[in-house]
Amino acid sequence: MKKNIYLIGFMGAGKSTVARILSSRCGKTLIEMDEEIERQEGKTIREIFAEHGEAYFRARETSFLESLEGQRNLVVSCGGGAPMRPCNVEAMRRGGQIVYLSTRPETIYERVKDAHTRPLLEDHMNVDDIRGLLEQRLPAYQAAADWTVGTDGKTSEEVAREILEAVSGTP
Ligand code: S3P
């Protein structure tokens with residue numbers, strides 16, 4: 001299986017941890033989208049949002065995904081907002097398979113509540129606001145997904161195993 005695997009899902013879904021496990025299990029190169037953009041810009045996501053605004057960051061996500069085109073055997077942990085742009089989903093689809101990590105708002109809240117690295121949650125760190133944004137995004141996540149794996153009550157190891165079972169058998 002040399003195609004890429006793109007992990008999508010809300011902030012705190014566990015994409016980064018699961019991507020790391022998948023990368024070591026199946027020998028794929030790990031790409032952490034946010035970290036790559038931070039490295040290229042020489043700034044944290046918070047600084048990028050504060051200094052250039054969200055639209056600039058969204059454009060960087062698109063150019064980053066497009067820059068991966070032609071590369072294979074990657075596991076890409078995508079920023080939570082990346083699937084909101086259809087052109088991003090098309091770039092992912094051309095590269096391989098898209099796996100949506102589905103997570104309940106209550107679980108997300110528990111995972112993100114102590115972090116201050118996500119500008120979109122900074123003034124919305126509560127279950128209701130997380131549920132609201134998740135509901136807005138759900139149609140795009142579901143439409144993009146080749147596979148959906150629930151993460152509530154599972155370890156990252158279990159989630160990674162389910163993904164491998166789902167995608168194995170596809171060339
Ligand atoms: C965002 C998710 C973040 C990061 C940025 C915006 C979003 O990534 O890209 O803060 O719009 O959902 P993670 O999903 O890896 O936290």
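This passage describes the ligand site of a predicted model and then the surroundings of one helical residue, glutamate 36.

The ligand is located in the largest pocket. Around the ligand there are 13 residues, of which Lys15, Asp34, Arg58, Arg118 and Arg137 come nearest. Sorted by class, this shell consists of five nonpolar, three polar and five charged residues.

Polar atoms of the protein approach oxygen atoms of the ligand from both side chains and backbone. For arginine 58, a polar side-chain atom is placed 2.7 Å from a ligand oxygen atom. Arginine 118 likewise has a polar side-chain atom at 2.8 Å from an oxygen atom of the ligand. Glycine 80 takes part through its backbone, where a polar atom is 2.9 Å from a ligand oxygen atom. The ligand taken alone exposes 390 Å², and the protein buries 95% of that area. Arginine 58 and arginine 118 are thus named twice here, since both are also among the residues that come nearest to the ligand.

Glutamate 36 belongs to helix H2, which spans residues 33-41. The side chain of glutamate 36 is joined to that of arginine 39 by a polar contact of 2.4 Å. When neighbours within four places in sequence are left aside, the contacts of glutamate 36 are with Ile31 and Phe64.

Definitions and conventions. Residues are numbered from 1 along each chain as its sequence is written. This is a predicted model: local features need pLDDT of at least 70, side-chain atom pairs count only at pLDDT 80 or more; totals for chains, interfaces and linings use all residues. Side-chain values use heavy atoms; hydrogens and water are left out. A residue is near a molecule or strand if one of its heavy atoms lies within 4 Å of it. A polar contact is a pair of N or O atoms within 3.5 Å; within protein, one must be able to donate a hydrogen and the other to accept it, and residues adjacent in sequence count only if both atoms are side-chain atoms. Accessible areas come from the Shrake-Rupley method with a 1.4 Å probe; for residues, only the protein chains shown count as cover. On a 1 Å grid over the protein atoms alone, a cavity is a set of points where a 1.4 Å probe fits but cannot get out, and a pocket is an open set with protein on both sides within 12 Å along at least five of seven lines; lining residues have an atom within 4 Å of a point. A molecule sits in a cavity or pocket if more than half of its atoms lie within 2 Å of its grid points. Ala, Val, Leu, Ile, Met, Phe, Trp, Tyr, Cys and Pro count as nonpolar, Asp, Glu, Lys and Arg as charged, and the others, Gly among them, as polar. Helices (H or I, at least four residues) and strands (E, at least two) are DSSP runs, numbered from the N terminus. Contact means heavy atoms within 4.5 Å.
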